[in-house]
Amino acid sequence: MRMIMLGPPGAGKGTQAAILANTLKIPHISTGDIFRSNIKENTPLGVLAKSYIDAGKLVPDDVTVSIVEDRIQKPDCKKGFIMDGFPRTIPQAEKFDEMLEKIQAEIELVINISVDDAVIIKRMAGRRMCSCGRTYHIENNPPKVDGVCDACGSKLYIRDDDKEETVLERLKTYHAQTSPLIDYYENKGKLINVDGAKSIEETTKEIIAIIDKINEK
Ligand code: AP5
Ligand code: MG
Ligand code: ZN
């Protein structure tokens with residue numbers, strides 16, 4: 001299964017992608033996670049990305065596209081992947097189509113998780129992250145031990161871009177640059193909308209039912 005998780009910041013893309021990757025045994029590829037691990041290691045890519053991320057803006061398309069192009073050629077992507085946070089602009093989506101064509105592959109499904117801006121702002125305030133890719137929420141999805149990842153035991157952290165003023169910028173960026181992708185994939189007949197205001201478990205169930213239906217065809 002080659003699929004994309006689309007949706008505003010805080011919709012639950014990362015949460016759902018991590019669960020689905022585990023269930024489907026395919027890699028979860030998050031461009032945001034790739035940037036954050038580069039920021040942590042202080043690589044040149046991390047230094048560049050940080051200036052955009054902290055401002056709630058997008059990292060330039062050419063940088064992001066070349067990262068994804070390298071990543072999808074790795075052997076673990078042969079059986080498919082779950083893209084989380086990419087593509088995020090129309091030019092990225094067009095480049096993505098071109099690179100998939102080169103490896104004779106195509107996107108089978110785009111899940112668009114929609115959530116109102118007001119809910120998003122509340123969710124971001126309680127988010128806690130682990131460097132392994134798992135995401136928690138202090139109320140909606142707390143770890144078993146306060147501040148510690150259930151999966152790997154690492155200490156959880158708060159993202160620098162989860163400050164309210166940065167979240168508001170990220171929402172503006174989403175509406176201006178990313179939301180046009182809804183029509184882009186709708187026109188290709190790939191898009192399915194999912195209501196992200198439901199619980200994490202209900203949303204997972206809904207997405208799995210959609211995937212099962214596609215696999216039956
Ligand atoms: P990225 O890391 O992709 O951030 P984002 O798209 O803004 O999305 P988030 O990760 O904030 O939200 P999410 O949908 O994954 O929600 P989550 O599951 O965590 O990108 C960060 C930055 O990197 C960008 O701003 C940009 O600068 C740069 N970047 C990345 N990709 C790029 C690209 N392709 N091009 C250019 N720049 C790029 O859930 C949020 C919270 O809610 C969590 O606490 C979770 O536990 C909770 N939650 C989730 N689902 C539910 C639910 N159903 N009910 C209740 N709580 C829930
Ligand atoms: Mg995420
Ligand atoms: Zn972890």
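# A zinc site and a bound ligand

Q: In which loop does Gly10 lie?
A: The model here is a predicted one. Strand 1 covers residues 2–6, and helix 1 comes after the loop in question. Gly10 sits in the loop between strand 1 and helix 1.

Q: Is Gly10 buried or exposed?
A: A residue counts as buried under 20% relative accessible area. Gly10 has 15%, so Gly10 is buried.

Q: What distance separates the C-alpha atoms of Gly10 and Asn112?
A: Along the chain, Gly10 and Asn112 are 102 residues apart. In space, their C-alpha atoms are separated by 13 Å.

Q: Which residues are the protein donors of the zinc ion (ligand 3)?
A: Look for SG atoms lying 2.2 to 2.3 Å from the zinc ion (ligand 3). Their spacing along the chain is C-x1-C-x16-C-x2-C. The donors are Cys130, Cys132, Cys149 and Cys152.

Q: What is the arrangement of the four donor atoms around the zinc ion (ligand 3)?
A: The angles they subtend run from 99 to 116 degrees. Four donors count as tetrahedral if all angles lie between 85 and 135 degrees. The ideal value for four tetrahedral donors is 109.5 degrees. Because of its angles, the arrangement at the zinc ion (ligand 3) is tetrahedral.

Q: Is Cys132 buried, partly exposed or exposed?
A: Take Cys130 as a start: with a relative accessible area of 3%, Cys130 is buried. Cys132 has 42%. Exposed needs over 50%, and buried needs under 20%. So Cys132 is partly exposed.

Q: Which residues are the closest to ligand 1?
A: The shell around ligand 1 holds 35 residues. By class, eleven are nonpolar, 14 polar and ten charged. The closest are Thr15, Lys57, Arg88, Arg127 and Arg170.

Q: How much of the accessible area of ligand 1 does the protein cover?
A: Begin with contacts to ligand 1. A backbone N or O atom of Gly14 is 2.9 Å from one of its oxygen atoms, and a side-chain N or O atom of Arg170 is 2.6 Å from an oxygen atom of ligand 1. A backbone N or O atom of Lys198 lies 2.7 Å from a nitrogen atom of ligand 1. Of the 1,000 Å² that ligand 1 has on its own, the protein covers 96%.

Q: Which element gives the largest share of the shell around ligand 1?
A: Helix 1, helix 2, helix 6 and strand 6 each give two or more residues. The largest share is four residues, and it comes from helix 2.

Q: Which residue's backbone oxygen does the side chain of Thr173 reach?
A: Thr173 is part of helix 7, residues 164–178. At 9% relative accessibility, Thr173 counts as buried. Its side chain reaches a backbone oxygen at 2.7 Å, that of Gly56.

Q: What is the omega of the peptide bond from Phe86 to Pro87?
A: Pro87 is placed in the loop between strand 3 and helix 5. The bond from Phe86 to Pro87 is cis, with omega near -10 degrees.

Q: What is the phi of Lys25, which is not a glycine?
A: Lys25 lies in the loop between helix 1 and strand 2. Lys25 is exposed, with a relative accessible area of 58%. Its phi is positive, about 60 degrees.

Q: What is the relative accessible area of Asn42?
A: Asn42 is in the loop between helix 2 and helix 3. Asn42 is not a glycine, yet has a positive phi of about 60 degrees. Asn42 is exposed, and its relative accessible area is 60%.

Conventions. Residues numbered from 1 in each chain as written. Chains lettered and ligands numbered in written order. Predicted model: local features only at pLDDT ≥ 70, side-chain atom pairs only at ≥ 80, totals over all residues. Heavy atoms only, no water. Donors = N, O, S within 2.8 Å, 3.2 Å for Na, K, Ca; no water. Tetrahedral: all angles 85-135°; square planar, octahedral: opposite > 155°, others 65-115°. Buried < 20%, exposed > 50% of the residue type's maximum accessible area, 1.4 Å probe, protein only. Near = heavy atom within 4 Å. Polar contact = N/O pair within 3.5 Å; in protein donor to acceptor, adjacent residues only side chain to side chain. Areas by Shrake-Rupley, 256 points an atom, 1.4 Å probe, with all protein chains shown as cover. Nonpolar A, V, L, I, M, F, W, Y, C, P; charged D, E, K, R; others polar.
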